[in-house]
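Visitor: Please pick one part of this model and take me through it closely. I would like the helices, strands and side chains around it spelled out, with the computed values, and then some other places to set beside it.

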Amino acid sequence: MSVLIIEDNVSLATLVSMFLTGEGIANDVVHNGFEGLSKLSEQRYDVLVTDIRLPKISGMEIFEKSKQLYPDMPVIIMTAFGNIPDAVAAMRSGAYDYITKPFENEDLLNTIRKAIEVSSIRRENSRLKQYMRESNMPRMAGSSPAFRAMLKLAETVAPTDAPVLVLGESGTGKELAARYIHAKSSRSDKQFVAVNCAAIPEQLFESELFGHRKGSFTGAERDYKGKIAEAEGGTLFLDEIGEMPPSVQVKLLRFLQESEIQPVGSALPVKIDTRVVAATNKDLKEMSETGSFREDLFYRLNVFPVEVPPLAQRREDISELVELFSRKYGSKVTFSKEAVAKLANARWKGNIRELENTVYRLCILKGQGEVAENDIKADNADIVSCMNMHLPEDGLDLEEMEKTIISRALAKFGGNKSRTAKYLNIPRHVLLYRLEKYGME
């Protein structure tokens, strides 16, 4: 426990310091604002106690600067009776409490002890938030120049609220880059909501994104706040933004400009604080020139483009990626140097997604032990051989195949639906829909 006391009345400051020392509370005393700021720059205290009226720099200025240095440090304002309005103003700005001179030592002690408890709780909350940020941080594997350059751009734009357009070929990891930007931002403790623009029917797009009011259309049996509002305070990720219908593009543009949405069936707009990160593997500039994508929306989204390099430009990262995926899918499986070299020299049209699927398949086939060079077939990129399937001449029952896969995945995780959905790489609500559809509840 440590307290900094800033008081220009030397006798009072000395008495307060002696009293706190006697109560087992370590403290430092200075007699003007400059000395106080110097002390604060040297170390962090649990609590700051400052007079509101000080020579050279006022207690209010000290308070404002202390907030910038240590946002979680409680500040107690000491004030004469006639200066109470100043102390109240400080509390409205975030000061913890104030105490009026002359005061009883016990009153000051109780206020300081409560402030120390608050300081401890705030620090613990900060540690937990930092832990959560680190836990949610996507694993970004790679050290190639192209990949590091992309990460540098992502880290530069992350702390801002600017829209980001993530570009790159299919399978390069654009959503992972978007999650990394979110995790590095001040919004990291809020929602990251992903929307695949290619998966939403055009007639439902506006409602899905902006929400709707009950009774606004047939089937609207309740209010729905929409994905933008769901991501309030956080990040909305619009994947495959090039597939967004023109009628919705104009509404998205208005949201980006005004930070407000108007749900379907609502008469009034609603202010929303949501950051937008979009992604595409298409040439939006060319689409805007041909009229298939709004030019003004393109320029609004393209404030800060971040391009994710294809795997062909970062082959030196493949060994690290193979290690990452093998730990993820086969903890008892390793890859020989020759096997890794063969994978590094292969042609990956599907980029990281294809490499990950290949490593997954090899881990399943091997079970345990070392994957050798001969275990890797030349046609690893072919989806049929990747799944090791034989296609019968008289056709397949796709529905039965899906039911079998879901059933086996459920069994693998002891019926845990959340882990099963994650394993199948689908949202939990999609898995629940499938279970209900196939009567597998």
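Guide: This answer begins with one sheet and the helices on it, then turns to salt bridges, a second set of strands, a helix pair and a buried residue.

The model is predicted. The part chosen is an open sheet of five strands, whose order is β2-β1-β3-β4-β5 and whose pairing is parallel. Its edges are formed by β2 (26-30) and β5 (97-101), and each of these pairs on one side only. Ignoring direction, neighbouring strands of this sheet are turned against each other by 20 degrees on average. At the β5 edge, the partner strand is β4 (residues 75-80), and the two pair in the parallel sense over five bridges. One residue pair can be used to find this register on screen: M78 has I99 in β5 as its bridge partner. When tracing side chains along a strand, it helps to recall that in a regular strand they alternate between the two faces of the sheet.

Two helices can be placed against these strands. Helix α1 (residues 10-22) lies across β1 (2-6), β2 and β5. The direction of α1 makes an angle of about 170 degrees with β2. Helix α2 (residues 33-42) also packs on the sheet, where it touches β1, β2 and β3 (47-51). Against β1, the direction of α2 makes about 160 degrees. Strands β1 and β2 are thus named in the description of α1, and again in that of α2.

The loop that follows α1 leads to a salt bridge. E23 pairs there with R113, and their closest N and O atoms are 3.2 Å apart. E23 belongs to the loop between α1 and β2, whereas R113 is in helix α5 (residues 105-136), so this pair ties together parts that are 90 residues apart in sequence. R113 is partly exposed, at 37% relative accessibility. E23 is partly exposed as well, with a relative accessible area of 32%. In general terms, side chains of opposite charge can pair when their charged atoms come close.

The structure holds 21 salt bridges, and two others can be set beside this one. R294 and D296 form a salt bridge with the closest N and O atoms 2.7 Å apart. R294 has a relative accessible area of 31% and is partly exposed; D296, at 33%, is partly exposed too. Elsewhere, salt bridges with shared partners join E7, D51 and K101 into one network. Two members of this network take us back to the sheet: D51 falls within β3 (47-51), and K101 falls within β5 (97-101).

The other salt bridge is between K227 and E230, with 3.6 Å between the closest N and O atoms. Both residues are in helix α9 (residues 226-230), and because they are three residues apart they are separated by about one helical turn. K227 counts as buried, since its relative accessibility is 18% and the limit is under 20%. Its partner E230, at 27%, is partly exposed. Leaving aside neighbours within four places in sequence, K227 is in contact with V193, V195, E208, L209 and L236.

Parallel pairing is also found further along the chain. Strand β6 (residues 164-167) pairs with strand β11 (residues 275-280) in the parallel sense over four bridges. Strand β12 (residues 304-307) runs parallel to β6 and is joined to it by four bridges. V166 can serve as a marker for both pairings: its bridge partner in β11 is A279, and its bridge partner in β12 is V306.

For a helix pair, take α13 (residues 318-329) and α14 (residues 337-345), which pack at about 115 degrees with axes 9 Å apart. Their crossing is right-handed. On the α13 side the meeting residues are I318, S319 and V322, and on the α14 side they are V340, L343 and A344. By class, this contact has five nonpolar residues, one polar and no charged ones.

Last comes T420, in helix α18 (residues 417-423). T420 is buried, with a relative accessible area of 0%. Beyond its neighbours within four places in sequence, T420 is in contact with A409, L410, F413 and L431.

How values were computed:
Residues are numbered from 1 along each chain as its sequence is written. This is a predicted model: local features need pLDDT of at least 70, side-chain atom pairs count only at pLDDT 80 or more; totals for chains, interfaces and linings use all residues. Side-chain values use heavy atoms; hydrogens and water are left out. Two strands pair if DSSP finds at least two bridges between them. Axes are lines fitted to C-alpha atoms, for helices over the stretch in contact, and angles run from 0 to 180 degrees between N-to-C directions. Contact means heavy atoms within 4.5 Å. A crossing is left-handed if the near helix is turned anticlockwise from the far one by less than a right angle, and right-handed if clockwise. Ala, Val, Leu, Ile, Met, Phe, Trp, Tyr, Cys and Pro count as nonpolar, Asp, Glu, Lys and Arg as charged, and the others, Gly among them, as polar. Buried means under 20% relative accessible area, exposed over 50%, partly exposed in between (1.4 Å probe, protein chains only). A salt bridge is a side-chain nitrogen of Lys or Arg within 4 Å of a carboxyl oxygen of Asp or Glu.
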